[in-house]
Amino acid sequence: MSVDTPRRIVLLRHAKAEWSQDSDHERPLAERGRKDAPVAGRKLVDSGIAIDLALCSTAARTRETWKLAVHEMPQRPRTVYEDRLYEASLGELIALINETPDDVHNLLVIGHNPGMHAVADALSESSGGDALARMTRGGFPTAAFAVVEFTGSWKGVEHGVGKLVEYWTPND
């Protein structure tokens with residue numbers, strides 16, 4: 001694959017989680033989250049983006065979101081459960097994206113806020129239609145996802161490198 005081939009980063013925030021006595025890392029999805037996660041999975045399928053690699057935080061709510069979302073996909077992409085996604089800063093998230101092998105065309109990151117919103121905003125120099133304005137206005141609610149498209153190597157992903165081509169929330 002040429003480095004000039006467009007690539008996509010799909011940033012999916014976990015679905016709505018319960019507030020519980022468990023540690024934050026072990027919080028399960030709430031009923032609403034268990035309903036929204038498969039809808040997000042179907043919407044990803046409808047977008048026509050074939051995910052090559054999924055990086056998923058090890059937190060219970062992200063693993064459960066991914067389990068419900070991926071069930072909607074015709075084929076399960078290779079999945080890596082990544083400890084470093086939990087509570088990752090913007091810089092740490094970009095560093096993880098930079099580690100993506102160049103044979104990956106479409107990367108899905110299942111993580112947490114404020115990180116998912118921060119990465120989508122930081123990487124998007126422009127947007128298609130009103131996607132960036134809607135994301136800025138509405139924030140990045142649970143089960144929302146953003147798709148950032150760019151050309152070049154994963155090692156070159158940095159601030160302003162891409163275009164926000166899609167932004168979806170369960171309320172859309």
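## Contacts and overall form

In this predicted model, 77% of the contacts between residues at least 6 apart in sequence join residues that are at least 24 apart. The protein contains 5 helices and 7 strands, and when these are read along the sequence they follow the pattern β-α-β-α-β-α-β-α-β-α-β-β.

The radius of gyration of the protein is 15 Å, which agrees with the value near 16 Å that a compact globule of 172 residues would have. Along the principal axes, the C-alpha trace spans about 45 × 30 × 30 Å, and 49% of the 172 residues count as buried.

## Nonpolar cores

In soluble globular proteins, nonpolar side chains tend to be buried together. Here the largest nonpolar core has 29 residues, and those with the most contacts inside this core are Ile9, Leu11, Leu107, Met135, Phe140, Trp154 and Leu164. Two or more residues of this core come from each of the strands β1 (6–13), β2 (53–57), β4 (106–111), β6 (145–151) and β7 (162–168), and likewise from the helices α3 (90–98), α4 (115–123) and α5 (131–138). A second core, separate from the largest one, has 17 residues, including Leu12, Ala40, Ala54 and Met73.

Met135 may serve as an example of the contacts made by a residue of the largest core. When its neighbours within four places in sequence are left aside, Met135 is in contact with His117, Ala120, Asp121, Phe140, Ala146, Leu164 and Tyr167.

## Helix α2 and His112

Helix α2, which covers residues 60–70, has Ala60, Arg61, Thr62, Thr65, Trp66, Ala69 and Val70 among its buried residues. The buried residues of α2 pack against the strands β1, β2, β3 (78–82) and β4, and also against helix α1 (31–46).

His112 is located in the loop between β4 and α4, and His112 counts as buried because its relative accessible area is 9%, where the cut-off for buried is under 20%. Apart from neighbours within four places in sequence, the contacts of His112 include Arg61 and Thr62, which are both buried residues of α2. His112 is also in contact with His14, Ser57, Ala59, Leu85, Tyr86 and Glu87.

## The largest pocket

The largest pocket holds about 180 Å³ of space, and its lining is made up of Leu44, Val45, Gly48, Ile49, Ala50, Ile51, Met73, Pro74, Gln75, Arg76 and Pro77. Sorted by class, this lining has 8 nonpolar, 2 polar and 1 charged residues. Met73, one of the lining residues, also belongs to the second nonpolar core.

Methods. Residues are numbered from 1 along each chain as its sequence is written. This is a predicted model: local features need pLDDT of at least 70, side-chain atom pairs count only at pLDDT 80 or more; totals for chains, interfaces and linings use all residues. Side-chain values use heavy atoms; hydrogens and water are left out. A nonpolar core is a set of buried Ala, Val, Leu, Ile, Met, Phe, Trp, Tyr and Cys residues joined through side-chain atoms within 4.5 Å. Buried means under 20% relative accessible area, exposed over 50%, partly exposed in between (1.4 Å probe, protein chains only). Helices (H or I, at least four residues) and strands (E, at least two) are DSSP runs, numbered from the N terminus. Contact means heavy atoms within 4.5 Å. On a 1 Å grid over the protein atoms alone, a cavity is a set of points where a 1.4 Å probe fits but cannot get out, and a pocket is an open set with protein on both sides within 12 Å along at least five of seven lines; lining residues have an atom within 4 Å of a point. Grid points are joined across faces, edges and corners, and a volume is the space filled by probe spheres set on the points. Ala, Val, Leu, Ile, Met, Phe, Trp, Tyr, Cys and Pro count as nonpolar, Asp, Glu, Lys and Arg as charged, and the others, Gly among them, as polar. The radius of gyration is taken over C-alpha atoms; the globule rule is 2.2 Å times the number of residues to the power 0.38.
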